[in-house]
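Dear colleague,

Please find the structure below, handed over for your use. My notes on it follow directly after.

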Amino acid sequence: MEKEKTILIVDDMEINRIILAEIFKESYNIIQASDGNQAIEALNANSDISAVLLDLIMPGTDGLGVLRDMKKSGKIYSIPVFLITAEENEKMLIEGYHLGAVDVIRKPFMSHFLKHRISNIVELYGHRNDLAKVVEQQVARLNYLNQSMIEILATAVEFRDSESGEHVKRIAGMTKALMTEVSKRYPEYYMTVDEIDKISKSSVLHDVGKISIPDSILNKPGRLTPEEYEIMKQHTVKGYDFLMQFPDIIDESTYRYSCDICRYHHERWDGRGYPDGLKGDEIPIWAQVVSVADVYDALTAERVYKKPFSHEKAVDMIKNGECGIFNPKLLNAFEALIQMHGNPSDQER
Amino acid sequence: MELFDELTALGVNVDDGVNRLGGNEALYKKLLGTFVKTVKGYDIKPDFDSENYDDITEKAHAIKGIAGNLSITPVYEGYTQIVSLLRSKEPERAKDVLKKILPVQVEIMGCIEKHSG
């Protein structure tokens, strides 16, 4: 019968390893290690180990050393470890338990009890690991569905603006690429890959406030009057107010990014943007990044009131301050990104 | 007299040892041979240094473990006492126990060697 599960037996005494292997050979595949270093190597090389039977006292890296390594790598949480001992060394056993060992096997081994104890714990860990995988999959699916709903909402708003919905996708892609470049170049703006991913996902909601802007203004083919422009500017605050009513739609940090991006993506480095006239790094870096991405995309896209500008022209206009003043570090990163990859709209999300 | 009978007469719990291996007598016999080689390699003598005996403690601990697992009861019990005395820093008393257990150990190992050829 093919055995599904594998046990790692770690003991410097060959006799003890052979006896344990003999006890478990019918139910498990067996891997043997004669010292702590071999055990760590075996754990790294085999992802299917269901339990470790670990001698405490060994020359070189001892059992506690193996436990410390397993704790560091996180393996201790998914693989049960049984300490093998021939005596009552209370201090070592307590440390072993603290490091995550589940039980103690005393020498001489009592085969019958040993088989049952280990099989029970292995089964329990198996269920627990399966459950953890299911929960992880469900969380990923929920997050995916949640993000889909958010994108549907953002796309619906874009449709009113005679956009196909591609705008929000391009913004998300550019935001991710530009935020990554800024984070890489400037330690003061460093963010983890996970956080950058959240910022990119949050960026799709930047114009959600446009839902409150009348069609006559949103789709006006000509230049807006000063009064109309004032109404148009309100989409930042309206979007922010709208999101403030739904704090539970996304996780806490993504929510914060979304609110900031909604409200501040028209602020400018010199304080001449809107709605709050924030200046410099008073504007959160994620909102600054979305500003550049949004301006670039607006320039290169066709709108009811204008023809698209070329990529080169759009880049020049941004650098020359024709669309407002941006953070110089951000512009450096933007330029580096263009030199590396060309058109930033082509960045994958 | 067969090996297992002789060992039983010397206090070894052969049935228990064989049962631990799921009844595999051949493997038990093979491991008895490994036991002899291992213990000979350790070469513990009662004249060890009474100030510095960590190495002796480790060796005695190892012999205790394998003797217990093979149910070589007299050796297991002797080394259980020795390890305990060494851990509690009583090397002289440990030496006395070692002096008593060594002839028994030699006899058991001799018996195993006699039948291994």
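Which residue in strand 5 of chain A does A:Phe82 stand opposite? The partner of A:Phe82 in strand 5 (residues 103-106) of chain A is A:Asp103.

Some conventions come before the rest. The model is predicted, so local features need pLDDT of at least 70 and side-chain atom pairs count only at pLDDT 80 or more, whereas totals for chains, interfaces and linings use all residues. Residues are numbered from 1 along each chain as its sequence is written, while chains are lettered from A and ligands numbered from 1 in the order in which they are written. Helices (H or I, at least four residues) and strands (E, at least two) are DSSP runs, numbered from the N terminus.

Strand pairing in chain A

Two strands are said to pair if DSSP finds at least two bridges between them. Strand 4 (residues 81-85) of chain A runs parallel to strand 5 of chain A, and four bridges join them. Strand 4 of chain A also pairs in the parallel sense with strand 3 of chain A, over four bridges, and here A:Leu53 stands opposite A:Phe82. Between these two strands the chain passes through helix 3 (residues 63-73) of chain A, in a β-α-β crossover that is right-handed (with the strands pointing away from the viewer, the path from the first strand over the helix to the second runs clockwise).

Strand 3 (residues 49-55) of chain A is in turn joined to strand 1 of chain A by five bridges, and the two run parallel; A:Leu8 stands opposite A:Val52. Strand 1 of chain A pairs with strand 2 (residues 29-33) of chain A, again in the parallel sense and over five bridges, with A:Thr6 opposite A:Asn29.

Burial

A residue is buried if 20 or more other C-beta atoms, placed from the backbone, lie within 10 Å of its own. In strand 4 of chain A, five of its five residues are buried. A:Val81, A:Leu83 and A:Thr85 point one way, and A:Phe82 and A:Ile84 the other. In strand 1 (residues 6-10) of chain A, four of the five residues are buried, so this strand is largely enclosed by the rest of the structure.

The interface

Contact (C-beta atoms, placed from the backbone, within 7 Å) links 20 residues of chain B with 14 residues of chain A. Helix 4 (54-69) of chain B gives the most to the side of chain B that touches chain A, with eight residues.

Yours sincerely

Conventions: Two residues are in contact if their C-beta atoms, placed from the backbone, lie within 7 Å. A residue is buried if 20 or more other C-beta atoms lie within 10 Å of its own, exposed if 12 or fewer, and partly exposed in between; C-beta atoms are placed from the backbone.
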